[in-house]
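The following exercises train the reading of a protein chain from its fold down to single side chains. Please attempt each task before reading its solution.

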Amino acid sequence: MFNAQVNAVLLSISMISVSRNQCKKHFEVSKKKEPTKIFKTGKQLLKTTIILLPLFCFTWVIGLFAVGPGTEVLVVLFILSNTLQGLLIFLLHVVRHEKVWSRIKKHFTTLKEKVKQ
């Protein structure tokens, strides 16, 4: 049970630290931007937080309960969810990002023009 409490404290400290760093970073950037861009940056930060927080919390809640005998199923669920976090972050924040798709399209149009020549 002590391990679960330590994990909960470490998770809380990590989440607070990450959110503070992200807020500072976005605040410093927003001083240089106009108000509409500040709103857009804040909206993106909120969207990212809303998507990632349940993803991380789900994994670590399972991890907290996977302590002790007879919790093999929870350990397997924890390992699977922890493994899939990277894939989900990639899908939700890289594949869905507009800038990534514009760069891919630009790359393929340039490549297509080179092939035509």
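A residue is called buried when its relative accessible area is under 20%, exposed when it is over 50%, and partly exposed in between. The model treated here is predicted.

**Exercise 1. Describe the overall make-up of the chain.**

Solution. Begin with the elements: the chain has 4 helices and 0 strands. Read from the N terminus on, their order is α-α-α-α. Next, consider burial: 12% of the 117 residues of the chain count as buried. The accessible surface of the chain comes to about 9,700 Å², and 69% of that surface belongs to carbon and sulfur atoms. Finally, turn to the contacts with a separation of 6 or more: residues 24 or more positions apart account for 48% of them.

**Exercise 2. Determine whether helix α4 lies largely in the open or not.**

Solution. Helix α4 covers residues 98-116, which makes 19 residues. From its first C-alpha to its last, α4 reaches 27 Å, close to the 27 Å expected at 1.5 Å a residue. Now apply the definition of burial to these residues. The number buried among the 19 residues of α4 is 0, so this helix lies largely in the open.

**Exercise 3. Compare the span of helix α3 with its expected value, and locate its bend.**

Solution. Helix α3 runs over residues 72-95 and has 24 residues. The expected span uses one less than the number of residues, times 1.5 Å. For α3 this expected value is 34 Å, and the helix reaches 33 Å from its first C-alpha to its last, which is close. The bend in α3 is about 35° and is found at Gln85.

**Exercise 4. State which residues of α3 are buried, and examine what two of them touch.**

Solution. The buried residues in α3 are Phe78, Ser81 and Gln85. A general rule helps with such a pattern: an α-helix has 3.6 residues a turn, so residues three or four places apart point the same way.

- Ser81 has a relative accessible area of 12% and is therefore buried. Leaving out residues up to four places away in sequence, Ser81 touches Phe58, Thr59 and Ile62. A polar atom of the Ser81 side chain also lies 3.2 Å from the backbone oxygen of Phe78.
- Gln85 counts as buried because its relative accessibility is 9%. Apart from neighbours within four places in sequence, Gln85 is in contact with Leu55, Phe56 and Thr59.

Thr59 is thus listed for Ser81 and also for Gln85.

**Exercise 5. Classify the aromatic pair of the chain and say which helices it joins.**

Solution. The count comes to 1 aromatic pair. The ring centres of Trp60 and Phe78 are 5.1 Å apart and the ring planes stand at 65°, so the pair is edge-to-face; the cut-off for that class is over 60 degrees. Trp60 lies in helix α2 (residues 35-65) and Phe78 in helix α3, so the pair ties together parts that are 18 residues apart in sequence. As a last step, classify both partners by accessibility. Trp60 is partly exposed because its relative accessibility is 28%, whereas Phe78, at 17%, counts as buried.

Methods:
Residues numbered from 1 in each chain as written. Predicted model: local features only at pLDDT ≥ 70, side-chain atom pairs only at ≥ 80, totals over all residues. Heavy atoms only, no water. Helix = DSSP H or I, 4+ residues; strand = E, 2+ residues; numbered from the N terminus. Bend = angle between axes of the 7 residues up to and from the residue. Buried < 20%, exposed > 50% of the residue type's maximum accessible area, 1.4 Å probe, protein only. Contact = heavy atoms within 4.5 Å. Phe/Tyr/Trp six-rings, centres within 6.5 Å; stacked < 30°, edge-to-face > 60°. Areas by Shrake-Rupley, 256 points an atom, 1.4 Å probe, with all protein chains shown as cover. Polar contact = N/O pair within 3.5 Å; in protein donor to acceptor, adjacent residues only side chain to side chain.
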